[in-house]
Amino acid sequence: MTDRFDILIRGGRVVDPANRVDQVTDVGVADGRIVAVGDDLRGRAERTLQAAGHYVLPGLVDLHVHIALPSAPGAGHAMLARAGVTTALDLSGPAAGVLAGAAEGGGAGLSIATLELVKPGVQLPPHPSRAEIRRALDRILAAGGLGVKLHVDAGWDAEATGTIIDEANRAGVWVASHCGTTTAGSDIEGLRETLELAGDNRLQIAHVNSYCRGDVADVAEEAATAIALLRGSPHVFAESYLAEINGTSGRCVDGVPANRRVIRWLEGGGYPGTEEGLRRAIRDGWASVPHVCGDDVVLRTGEEGVAAWEAAGTPSGVCLPINPGVSRLLLGASRNAAGGFDVHAFATDGGCIPRNVTLSMGLSMVEWGLLRVEDLVRKACWTPARVLGLAAKGHLGVGADADLVVADPAARRPRTVIAAGAVVAHEGLVLGRGTRFISTARGEEAVEAATGPGTVIDVRAGGLYTGDGLA
């Protein structure tokens, strides 16, 4: 056992289900790794953190974020660090933009990977051939991305959606879907259609909770349907988030929101489905407008929110409180007959969108008796690390990457966040710098040129393809 530690964490409740540890003990960190876990560790420490009364957990691995923000390149990184996330997968890209944003904003010491949102008429024609899809995938990998993201608002039809999913599987690259096509919406029927189109192919199903907002049936009935659909598709990887708010475009054209779903949401909130209705919703505080404030993005309402929204000419994003608690909690806690989670992981759909609440809301679910602390760690740390193929993350075994969170259970927030053996956030102050970018071997050169040496993974070896972690 080492007698030297860069960081020694004393007396916290260490919760590490991967190594069957749940006890008050010490954790020693040196050279970016966990080097000791045990009672009353002895040795010289450069820094000692007293963690009595706190949880000591693996760093969160968030497989659905949006980290790039042109108006504040470092905000997404900083917001994730403050929330206890040490590894994240961006689901928009493109890789060049995420890399440039990390370099320009300075990063926060996190490990970051990205997919690329593909759109008809941009990366691919509306009805792409398989050869065209393969060439696009190769370009994305060469730029440093892990694969592709499909989105209902992109306008892909069912045939193209199924073909892109199939070609991504043949190539062994990551593919994720915000469910829905030109024939099905972003709702429970869109989830059903996407699973049918995927067939036996591997796929990340993004934010399952967002398809259970009561648009088609009762919220609880939709959640039950989603669970049944996922049980019938055990090869897909599903995640959900715990925030009440969504994030969408506030752009209006000819006096009405350009996103037709916003019209319906406004009407459901008791407002006219018009530009003036959205203005009133912001003024009343029902809707809010994300606003950059240093390395943070905060939600503005009232006249201040209206001014921020109008200053951008209404293209500014808006957030609406449309995610029912019933579906969020049902999907977050539901288990199958074997005891595994029906929705495998928590993710935030956050980053620079201010809903990075996995730890705070997850600990609330622990208080309510819906989850155990070890369940929260499995869904927020261990399972997503395995699915991404990062064997040294998501747990606190000796030799693991020193990615940890010291969390205050009473306040339900991180106190200290450590990534790669360095304190990257403490009491809300972001201290970390730089980015460790995760790519395939095909993108290694692009990553090194942009941010320095990164981490190379083989997507085929991770749980998305092997199923490891999906039980």
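Let's start at the second largest pocket of this predicted model, where 14 residues make up the lining. M79, R82, A83, N356 and V357 are the ones lying nearest its centre. The pocket's volume comes to about 220 Å³. Sort its lining by class and you get 7 nonpolar, 5 charged and 2 polar residues. At least two lining residues come from each of α1, β18 (296–300), α11 (358–367) and β23 (413–419). Two of those elements, α1 and β23, make good starting points for a walk through the rest.

Take β23 first. It pairs with strand β24 (residues 422–426) in the antiparallel sense, over 4 bridges, and along that pairing T416 stands opposite H426. The hairpin of β23 and β24 leaves 2 residues between the strands, and A420 there has a positive phi near 55 degrees. Carry on along the chain and β24 makes another hairpin, this one with β25, again with 2 residues in between. In that turn E427 has a positive phi of about 50 degrees. Strands β24 and β25 (residues 429–430) run antiparallel and are joined by 2 bridges. H426 turns up here too, with L429 as its bridge partner in β25.

Now go back to α1. This helix (residues 75–82) packs on a sheet, and that sheet is an open one of 6 strands with parallel pairing, in the order β21-β6-β7-β8-β26-β27. At its edges sit β21 (350–351) and β27 (455–456), each pairing on one side only. Helix α1 touches β6 (60–66), β7 (85–90), β8, β21 and β26, and its direction makes about 105 degrees with that of β8. Inside the sheet, β8 (residues 107–114) and β26 (residues 434–439) run parallel and are joined by 4 bridges; across this pairing I112 stands opposite F437.

There's another open, parallel sheet of 6 strands to look at, ordered β9-β10-β11-β12-β13-β20. Its edge strands are β9 (116–117) and β20 (345–346), each with pairing on one side only. Between β12 (residues 204–205) and β13 (residues 237–240) there are 2 bridges in the parallel sense, with I205 standing opposite A238. Helix α4 (residues 158–171) lies across β10 and β11 (174–178), and it runs at about 160 degrees to β10.

So where do strands from these two sheets turn up together? Both β6 and β10 (147–151) appear in the lining of the largest pocket. Each supplies at least two residues, as do β14 (248–249), α7 (260–268), β17 (289–293) and β19 (317–318). It's β17 that gives the most, with 4 residues. The volume of this pocket is about 1,300 Å³, and 45 residues line it. Nearest its centre are H66, G247, T248, S249 and I353. The lining divides into 19 nonpolar, 18 polar and 8 charged residues.

Finally, step back to the whole protein. Its secondary structure comes to 14 helices and 27 strands. The radius of gyration is 21 Å, close to the 23 Å that the globule rule gives for 471 residues, so the protein is as compact as a globular protein of that length. Taken along the principal axes, the C-alpha atoms fill a box of roughly 70 × 50 × 50 Å.

Technical notes. Residues numbered from 1 in each chain as written. Predicted model: local features only at pLDDT ≥ 70, side-chain atom pairs only at ≥ 80, totals over all residues. Heavy atoms only, no water. Pairing = 2+ DSSP bridges. Contact = heavy atoms within 4.5 Å. Axes fitted to C-alpha atoms, helices over the stretch in contact; angles between N-to-C directions. 1 Å grid on protein atoms, 1.4 Å probe; cavity = no way out; pocket = protein on both sides within 12 Å on 5 of 7 lines; lining within 4 Å. Points joined across faces, edges and corners; volume = space filled by probe spheres on them. Nonpolar A, V, L, I, M, F, W, Y, C, P; charged D, E, K, R; others polar. Rg over C-alpha atoms; globule rule 2.2 N^0.38 Å.
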